[in-house]
Amino acid sequence: MSYPQYSHSSHWDRRQPPPPRQFAAWSPYKAPIAGVNRYNSYDDDQTLVRQGSSSSSSSYLHKEAQLPRATLDPTDELGKRDGFNRRRVFFLGSLLVLVGLVFIAGAVVVPIYFEVIRPQHGITRLSTSSKAVISGGTGSMITTESGSTFQYINDFGGFWVDDPNDSYNDNAQAQSWSPPLNQSWRWGVDVVRGVNLGGWLVPEPFIVPALFQKYQNTTIQAIDEWTLSENMANDTANGGLGQLEDHYNTFITEEDFARIAGAGLNWVRLPIPFWAIQKYSGEPFLEGVAWEYALKAFKWARKYGLRVNLDLHTMPGSQNGFNHSGKQGQINFLYGVMGLANGQRGLDYMRILVEFISQKEYANLIPYFGVMNEAEVTQIGMGVMGSFYLHMHDILRNITGYGEGNGPYLSIHDGFVALSSWTDFLPGRDRVALDTHKYMVFTNANPAPLAQQLQNPCKSWSASVNESWSTFGVTTAGEFSLAINDCGLWLNGVGAGARWDGTKAGYTGPTGGDPNGCTDWNDWASWNDTRKSDLKQYALASMDALQNWFFWTWKIGNSSSSGTVEAPMWSYSLGLEQGWLPTDPRLSVGVCGGKSPALALRPNMTGSVPGAGPGDISDAVRAANPWPPATFGPGNWSATALPAYTATGPIPTLAPTISPTSTGSTVTASSTSSDRDAPDGWYDVNDTIPIHTPIITCNYPNAWEAEKAVNPGPCGAPFARRAPDRVLEMRTPRYAHAPAVPKRTAYPI
């Protein structure tokens, strides 16, 4: 007899139901089951499934499809016998198939259980294409881009995710109590417990002393990154400026990010210099390369579920005169003859960074942007800062849009004035946060024993921080440390000495009473258990007082002269290893006694007010804070009388991604097959205004040495933005699937 025929196409879209099929009664063929993944406990849509989940895809074997049966003629004896024989064959065949499936399932499940699931405490995820493990918990092994391996240890329920087919996967979670990246951060509910990656992309003498120590007897002593870069550029025998990239490549690595998550920390603050974007002629910095390592930081932070507070740490001309601003000495940002021009340039760099981090691929990862580190408000002036920040606010919010979920929080530093001074700052602002840096050691030394200082953070900080949270809104401590004195090699600057031992020039206040007192505090290997225990208690008090914080800093490099860390109270990683920092920062909760608790954030502080709430800055406030401000210090110069730049320069769009094998300063675009819509580095396609650039015919004074320079008078048109005919062509974008292009466009100086 003849049997029903069926057609079988070997190609069909698994996103659609399979074509109708007919089956003979004896056929062992099983119809494909849409959505089934036999190799792991994840759905085809890559949704993570925990062990014990009720998801139907958590089982390795699935119910067989119900097969239609052929109709037999009951009067046909041969058909009856054939039907019986076929049913017997079908039964035996099915039994053999079932045994085979059990064997195969065992071969798959057993090794996965013992090699992946068991050591990872019930979390595993496999790639549907390569069957490679792309997620894991504590005990899993990590292989880095260089081929080295390390074991991921996270006893807080965190897990990493690294999907080669989804470069922007936000499923990773740092700890069970910290929301994964694909969930919103809830300010006032979730607690920031973070650490700085200081000294990495912005080298500082006290954090990476070995970089500077080799250039102490040169013609120009290395005291900041400016002079360090000059010395390195002249030192071609040892690699020239390439030595800085050697530092970038080794000082902080992927393993550091894994350890940060494993330490119970959920954020990193990443200081970057403006020359990661661009530098001008005459500036000695290594241009562009720091951005490549910022991209690595973003990749590693995403992998381990860490959020990023991106901190623009330097400004053209220097915003504070500190060695970590690029050049130690003068303030030339919003101050002095070149204050306006440098301010224009700084606004451009803020804008370029916000364009990048507002892209959907980075919005979850980088929800907080520190627009400028430690501007010296007491010298620049609160009025000038108000005008600048309002203009900055408008530029950046015009890019991101207004209200909750539209771009990052914009964090401004308190400028070393009281937090209460900012309470009524720019009413109607949209999601502006306040950043404060709390240290005990940069004023008069406190000679009291450590045991008597354990509650000082609670007494000094908790009330003002809670009040700021209640009145201003989101307030974070972007920096603090364990230091109870200013000991530490070069903490106050190269060769500056310390207050504690009386060696700081010009200091006449109290000291620790021992001319050699810093030797003991720098020699961490000799500390006894009592000192370590007291320092840990001091750390817990600091954490509770500050509530949402970033420790400064994760790592201090060894001195080349001693071969060891000589500023131990500033190293979180060393404190963890040696026992003077808590292995679980949650132990800090309640240490200060819960006095003066902060009030809940109001809707207008978080951008959740519907309608005209966010960004509703009144005309009166705007009139009081014009840009540019009427005058600049220190000479009370009229803004209209100062030199300025003109907005006609090409926009140096940031590279969106780099090849894992890239070296040196060449950016190579890369992506995977699933990243066809990878970011191009620019969020707002309507933002086409050129950046500011010097005018060839203008004679500008040195932008870094113009605090008290002779004013050459106005040059350029700072108030008139000239829009070229081909505005869109002014950009220099780098798309994910386009050949690499130069990092910068030449600027006439």
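Helices (H or I, at least four residues) and strands (E, at least two) are DSSP runs, numbered from the N terminus. The legends below describe close-up views of a predicted model.

**Figure 1. The protein chain as a whole provides the setting for the close-up views.** The secondary structure of the protein chain comes to 16 helices and 17 strands. The chain has 749 residues, of which 54% count as buried. Among contacts with a separation of 6 or more, 72% are between residues 24 or more positions apart.

**Figure 2. Strand 7 covers residues 267–272.** Six of the six residues of this strand are buried, so strand 7 is largely enclosed by the rest of the structure. Trp267, Arg269 and Pro271 point one way from the strand. Val268, Leu270 and Ile272 point the other way. The residues on both sides are buried.

**Figure 3. Strand 7 is joined to strand 6 and to strand 8.** Strand 6 (residues 193–196) and strand 7 run parallel and are joined by three bridges. In this pair, Gly194 stands opposite Trp267. Strand 8 (residues 307–312) also runs parallel to strand 7, and six bridges join the two. Here Val268 stands opposite Val308. Between strand 7 and strand 8 the chain passes through helix 6 (residues 289–303), and this β-α-β crossover is right-handed.

**Figure 4. Asp414 is a buried residue without a salt bridge.** Asp414 is placed in the loop between strand 10 (409–413) and strand 11 (432–438). The nearest side chain of opposite charge belongs to Lys438, at 5.1 Å. A salt bridge requires a side-chain nitrogen of Lys or Arg within 4 Å of a carboxyl oxygen of Asp or Glu. The side chain of Asp414 does make a polar contact, at 3.4 Å, with the side chain of His413. Leaving out residues up to four places away in sequence, Asp414 touches Val377, Leu419, Trp422, Leu434, Asp435, Thr436 and His437.

**Figure 5. Asp435 lies in strand 11 and takes part in polar contacts.** Asp435 has a relative accessible area of 7% and is therefore buried. Its side chain forms a polar contact of 2.8 Å with the side chain of His437. A polar atom of the Asp435 side chain also lies 2.8 Å from the backbone nitrogen of Gly478. Apart from neighbours within four places in sequence, the residues in contact with Asp435 include Arg269, Ser411, Ile412 and His413. Asp414, Thr476, Ala477 and Gly478 are also among these contacts. The C-alpha atoms of Asp435 and Gly370 are 8.0 Å apart, although the two residues are separated by 65 residues in sequence.

**Figure 6. Trp490 and Gln547 have positive phi values.** Neither Trp490 nor Gln547 is a glycine. Phi of Trp490 is near 65°. This residue belongs to the loop between strand 12 (475–480) and helix 12 (517–522). With a relative accessibility of 15%, Trp490 counts as buried. Phi of Gln547 is about 70°. Gln547 occupies the loop between helix 13 (529–546) and strand 13. In contrast to a buried residue, Gln547 is partly exposed, since its relative accessible area is 34%.

**Figure 7. Two peptide bonds in loops are cis.** One of them runs from Trp552 to Thr553, with omega near 10°. Thr553 is found in the loop between strand 13 (549–551) and helix 14 (572–578). Another cis peptide bond runs from Gly633 to Pro634, with omega near 0°. Pro634 is found in the loop between strand 14 (631–632) and strand 15 (637–638).

**Figure 8. Thr648 is a buried residue of strand 16.** Strand 16 is formed by residues 646–649. The relative accessible area of Thr648 is 16%, so the residue is buried. The cut-off for this class is an area under 20%. Thr648 and Ile695 are 47 residues apart along the chain, and 9.2 Å separates their C-alpha atoms.

Definitions and conventions:
Residues numbered from 1 in each chain as written. Predicted model: local features only at pLDDT ≥ 70, side-chain atom pairs only at ≥ 80, totals over all residues. Heavy atoms only, no water. Buried < 20%, exposed > 50% of the residue type's maximum accessible area, 1.4 Å probe, protein only. Pairing = 2+ DSSP bridges. Right-handed = clockwise from strand over helix to strand, strands pointing away. Lys, Arg positive; Asp, Glu negative; His and termini not counted. Polar contact = N/O pair within 3.5 Å; in protein donor to acceptor, adjacent residues only side chain to side chain. Contact = heavy atoms within 4.5 Å.
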